[in-house]
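Biologist: Could we go through this structure together? I am new to it and would like to begin with one residue and then turn to a sheet.

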Amino acid sequence: MSTASQARKAPRRHTALGATLIILVALIVVWWIVSDFVTDWMWYRNLHFGRVFSTRLITGAILAVAQGVLLGGACALSMALAWRRRPQRPVSDSPTLDHYRSALARRTAVVIAVPSLIIALAGGSLAVSHVDQTLAFLNRTPFGQSDAYFGMDVSFYVFTLPFLQYVFSVVLAALIIGTIAAAVVHVITGSLYASPVSVHQHGSGEGSRPPTVELKNPLNAAAQVHLSVMLGLIMVVYGFQRLLSRYEFAISDNDALFTGIGYADDHARITARLIIAIIAWICALMFFANVRLRLWRVPGTAIILMIVSSLIIQVAYPAVIQQFTVRPSEVNQERSYIERQIEATRAAYDIDDVTVSDYSAETDVSAGQLRSDAEALPGIRLMDPALIAETYEQLQQVRGYYQFPSVLDVDRYNVDGQTTDTIIAAREINIAGLPDQSWINTHTVYTHGYGVVASYGNRSSTNGEPVWTEGDIPPEGRLDVQESRIYYGESEGQWVVAGNAPGATPVELDTPGGSESGGEQHYTYTGAGGVAIGNYVTRAMYATKFTDLNLLLSSNVNSASRILYNRTPRERIAEVAPWLTVDQDPYPAVVDGRVVWIVDAYTTSADYPNSQHVNLQSTISDSARQSTGADTRVNYMRNSVKAVVDAYDGTVRLYAWDTSDPILQTWMKVYPGLLLDRSEISDDLMSHLRYPQDMFKVQRQILGRYHMENADSWYNQSDLWEVPADPRDSSGAYEPPYYLSIKWPGDESPMFSQTAVYVPKNRENMAAYMSVVADAASPDYGRIRVLKLSDTAQVPGPNQTYNAIVSDQQVADKLLPFIGQGTGSSADALYGNLLTLPLGNGLIYVEPIYTQRKSAGSGASAGTYPVLRFVVVRFGTHIGIGDTLQEALDSVFAGDAGASTGEDTGQQSSGQEQAGSEVSDEDAAKQLLQEADDAFTRADEALKNGDLGEYQTQVETAQAKAQEAYQRLNG
């Protein structure tokens, strides 16, 4: 074969190779897209929420096609028209333009199609973010309330206005793209001249005239018609945008004074938008007229006038009104607008029926003062869910690969026939605690946590530890848990593969002990959660989705395997109901024998007219829980949905809770049958539902100012309430609200509630006490009440009370034996949550004090944990401390509080004798040493049985007893 023929064949080989690579890349991209699509569809189908996936997919596809066709079509049509009306004999002195013109002539269809297709694809992809907006508009539900200025139903602002803004923006973008594309083609074809100036010389020499400059029309007739029409259409759409934008003032922030329409908006800005819309339409007429006139100075002058007018009537004039009419007498000018804004805000946040009562809190004490509140005292919660998280971890963690949350949850359970506040947490897997974090371990062996741990909220053991109502592995307790495995939970962020073929050896670690040999117990998942990946095609798709080839190679993945992902409760709810805002604090509960996660979800909007915006993330953050995620502004909020996620199989159930909410009604139209009726909530589940934290925090923030319904008071902030900083937190974060059972003044019995306190602006004394009935089974659920304290007799606020407690001599004397024995045996004093309760015709503070032992040297010793030592009570300026709540109350109220807390006074913190006790220090120390010896004996027995969790617990108990015996003899 000749060299010449080889040279001719070489380009063909390169062409074939290039084509092959292109096809291969295309196949990979298609496979990736199909894998992502199919795996999502299988996940939704497994949860029986396939309608959500299909509805959003179809809507998104229609929007993407419509928006892509509009944008790409405008580009293609405009370019085609410009090319069709090109000059037959273009005159050009630019080689570059000649080159582009030649290329356009040779491949006209390709040159027009390629940029149009790119614009269509890019523009269509952006439409996906408007799926929920479109679905809500198509299924909108009237609120039955009209705004005070335009008379439009609230649904117009929440559903219609955002959708119309979206439509107009897309149409305007299409016209702008079309205009730019047309201008480019006109330049290339010579219809649009680059230099519209011609210079004429009139001879030379003395007496000749100077040269003249002639301004040539930079467009030929066809280009002028084309661009005039396009620019005219842009001005028409822009005018409609300006007309629609008048309504935006009802949902925009008014000079930072409030959200909604104010005086300057009403008297200047709204009218200015209307005038600009009219001017824009006049400009459009000028452009359309230019089709005949062909005088660009006419529409050009109109555009200049519109810009100048806009600066004057939209910027300068409102600023003058604001500065010289509003500011000199702002409260008088804005009064009627403030009144309407207060009314709208209270309605939007559901605080328009809050009961605010004046409360003359007593500060003097007398014997028997709590007699009428006797029923409330046994329910006072002493265990701090934030502090004892470490205690749970040390006594119930069992292994390093288990964990509890940093802040535990408060719920209610019926124990021994009595409903009691309970501290509860789920024992979940901690991947970071694994000694070997291999792929096999993290994805196929350590697949689930095990059990819930619960303790009384109002009791402690003799050594200050929690009194368990459920704990250990295997679980023991009184909560009747029938399925303890936690495959779905707050810490389960890792995807795992579970399940195995029938008869195969289980590979999933179930419990650290319990097998016949005393070693680890293994388990095979039998639930319906997750997606079956038994066939290789599905497995390959998930290997692509998670970019993990081990799914195809590992022997632990088999024909019966299921892949479990999106395992956190908040994540699952956000996926199946993306139109909901999910509460930051899911909490575990034992319901009908199963562990489930209860999650509150909200319908929110930032478009409720004249309602005050708040930053949701900053509002719900406090010292206990720091919110994460992007900032979100809202000015309407309803707890419309109660959601439940099963901890074993991941089943999601959404219950329609507030069916009066128009936003919820709208989404129930979008997804009929998605939400279960409230009547389907079982009695057991209802007993664990509670008023949500995030909703309460937002209402607390808003009510701090909007309890003032008088416009003058609101403006002057004369009675502004603030959420105090947590006295225990050095960062200045808000004090969190607390769940506890309280007896409201005038009520017959205590009620499980969520409570918060206010202080006056820039002050630290108490301003008000806020509570909401948190028990969902109560007919008063959601009732918010506020006790407004007298301005004449000050009641100490949380920070003042905390300072008084820390500096009190009684408290210092009690803590001295624990924190004053030198570095070798000293302990830290940890102050628990400072609870406030309306008791004894006043407000009483209750604060538990914990101690945590330190080892020799600096730093806390591993294995130490907080234990409850004392309880401090403050009423007015009177402080009492005791080993028990009863002692502290009696100490404050002249030796007799008048009611019993229900505590067993014999169950004291070990080694701490009561006032007046006849037991000597030596006898008490002997008793403690005997208890320590007994604990060591039990520890030895546990070690022999392979129960390391019990061994650790008993060793810690023995060490604590011995330490207290030492303090008895040397205190």
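Modeller: The following exchange concerns a predicted model.

Biologist: Where does Q810 lie?

Modeller: Q810 belongs to helix α22, which covers residues 809-819.

Biologist: Is Q810 buried, partly exposed or exposed?

Modeller: Q810 is partly exposed, because its relative accessible area is 36%, and the partly exposed class lies between 20% and 50%.

Biologist: Which residues does Q810 touch, not counting those up to four places away in sequence?

Modeller: On that basis, Q810 is in contact with I879, I881 and S891.

Biologist: What separates the C-alpha atoms of Q810 and I879?

Modeller: These C-alpha atoms are 8.4 Å from each other, while the two residues are 69 residues apart along the chain. The side chain of Q810 reaches the backbone oxygen of I879 at 3.0 Å.

Biologist: Turning to the open sheet, what is the order of its strands?

Modeller: The order is β7-β8-β11-β12-β13, 5 strands with antiparallel pairing.

Biologist: Which strands stand at the edges?

Modeller: Those are β7 (409-415) and β13 (476-477). Each has a single partner strand, so one side of each has no neighbour in the sheet.

Biologist: How many bridges join β7 and β8?

Modeller: β7 pairs with β8 (residues 418-426) over 7 bridges, in the antiparallel sense. As one example, D411 has T422 in β8 as its bridge partner.

Biologist: And which helix packs on the sheet?

Modeller: Helix α11, residues 389-396, packs there and touches β8, β11 (452-460) and β12 (466-471). The direction of α11 makes about 60° with that of β12.

Terms used: Residues numbered from 1 in each chain as written. Predicted model: local features only at pLDDT ≥ 70, side-chain atom pairs only at ≥ 80, totals over all residues. Heavy atoms only, no water. Helix = DSSP H or I, 4+ residues; strand = E, 2+ residues; numbered from the N terminus. Buried < 20%, exposed > 50% of the residue type's maximum accessible area, 1.4 Å probe, protein only. Contact = heavy atoms within 4.5 Å. Polar contact = N/O pair within 3.5 Å; in protein donor to acceptor, adjacent residues only side chain to side chain. Pairing = 2+ DSSP bridges. Axes fitted to C-alpha atoms, helices over the stretch in contact; angles between N-to-C directions.
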